[in-house]
Amino acid sequence: MITTEIQVAKEQLQKWGNALLTQNSDTVSQLYAEDATLKPTLDPEHKQNRAAIKGYFDSFLQKGPQCKLLEDANLRVRVLSEQLILFTGKYEFTLTQQNNDVVIADFVFLYQFNSNQNKWEIIKHSSSLSL
């Protein structure tokens with residue numbers, strides 16, 4: 001594994017975490033491809049495009065989430081091609097508007113490089129409570 005891919009994956013997750021801090025669902029949803037899929041941690045329904053993803057974050061951001069990557073043995077980066085990176089691991093959310101509840105979740109992000117826009121986008125994001 002080349003360090004660069006690990007850095008790209010971590011930078012993209014940090015970018016996503018910083019977008020959550022804006023509490024702006026437009027900012028967060030713009031990190032996803034137009035036809036991305038999201039399986040949220042706290043919602044059983046899959047979101048099948050950017051508009052549905054934005055709708056989910058309209059609600060979720062009201063909880064004041066702050067995200068922190070957990071560096072443990074579950075952290076994996078796999079390069080599928082020059083334009084696809086799979087990133088799996090765990091993150092912790094502190095929900096600042098919900099009594100500072102802490103949620104630990106397993107995540108899967110699939111990032112695709114959009115050469116037309118010269119940026120990485122999330123094309124698949126799945127998150128589930130860690131047991």
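Asp26 and Lys54 form a salt bridge whose closest N and O atoms are 4.0 Å apart; a salt bridge here is a side-chain nitrogen of Lys or Arg within 4 Å of a carboxyl oxygen of Asp or Glu. Asp26 belongs to helix 2 and Lys54 to helix 3, so the pair ties together parts that are 28 residues apart in sequence. Helices (H or I, at least four residues) and strands (E, at least two) are DSSP runs, numbered from the N terminus.

This is a predicted model, in which local features need pLDDT of at least 70 and side-chain atom pairs count only at pLDDT 80 or more, while totals for chains, interfaces and linings use all residues. Residues are numbered from 1 along each chain as its sequence is written, and side-chain values use heavy atoms, with hydrogens and water left out.

## Salt bridges

Side chains of opposite charge can pair when their charged atoms come close. The whole structure holds 7 salt bridges, including those in the table.

| Salt bridge | Closest N and O atoms |
|---|---|
| Asp26 and Lys54 | 4.0 Å |
| Glu34 and Arg50 | 3.0 Å |
| Asp43 and Lys47 | 3.0 Å |

The pair of Glu34 and Arg50 links distant parts of the chain, with Glu34 in strand 1 and Arg50 in helix 3, 16 residues apart. Burial is graded by relative accessible area: buried means under 20%, exposed over 50%, and partly exposed in between (1.4 Å probe, protein chains only). Asp26 is partly exposed at 42%, and Lys54 is also partly exposed, at 25%. Arg50 is buried, with a relative accessible area of 14%. Salt bridges that share partners join Asp26, Lys54 and Asp58 into one network.

## Asp43 and the start of helix 3

Asp43 sits in the loop between strand 1 (32-39) and helix 3 (50-60). Its relative accessible area is 18%, so Asp43 counts as buried; its salt-bridge partner Lys47 is buried too. The side chains of Asp43 and Lys47 also make a polar contact at 3.0 Å. A polar contact is a pair of N or O atoms within 3.5 Å; within protein, one must be able to donate a hydrogen and the other to accept it, and residues adjacent in sequence count only if both atoms are side-chain atoms. The side chain of Asp43 further reaches the backbone nitrogen of Glu45 at 2.9 Å. At the start of helix 3, a side-chain oxygen of Asn49 comes to within 3.1 Å of the backbone nitrogen of Ala51.

The buried residues of helix 3 are Arg50, Ile53, Tyr56, Phe57 and Phe60. Seen down the helix axis, they fall within an arc of 115°, so they line one face of helix 3; the arc is that of the directions from the helix axis to the C-beta atoms. An α-helix has 3.6 residues a turn, so residues three or four places apart point the same way.

## Aromatic pairs

The structure contains 16 aromatic pairs. Rings of Phe, Tyr and Trp (its six-membered ring) pair if their centres lie within 6.5 Å; planes under 30 degrees apart count as stacked, over 60 as edge-to-face and the rest as tilted. Trp16 and Phe93 form an edge-to-face pair, 6.0 Å centre to centre with 70° between the planes. Trp16 lies in helix 1 and Phe93 in strand 4 (residues 84-95), so this pair ties together parts that are 77 residues apart in sequence. Trp16 and Phe93 are both buried. Ring pairs join a cluster whose members include Trp16, Phe93, Tyr32, Tyr56, Phe57 and Phe60.

## Strands

Of the 8 residues of strand 1, 6 are buried. Strand 1 runs parallel to strand 6, and 4 bridges join them; strands pair if DSSP finds at least two bridges between them. Tyr32 has Ile122 in strand 6 as its bridge partner.

Ile85 is located in strand 4 and is buried, with a relative accessible area of 3%. The C-alpha atoms of Ile85 and Ile122 are separated by 9.7 Å, the two residues being 37 residues apart along the chain. Leaving out residues up to four places away in sequence, Ile85 touches several residues, among them Glu5, Val8, Ala9, Phe109 and Trp120; contact means heavy atoms within 4.5 Å.

## Positive phi

Most residues other than glycine have a negative phi. Gln23, which is not a glycine, has a positive phi of about 55°. Gln23 lies in the loop between helix 1 (3-21) and helix 2 (25-29) and is partly exposed, at 47% relative accessibility. Asn118 likewise has a positive phi, near 55°. Asn118 is in the loop between strand 5 (101-114) and strand 6 (119-129), and at 58% relative accessibility Asn118 counts as exposed.
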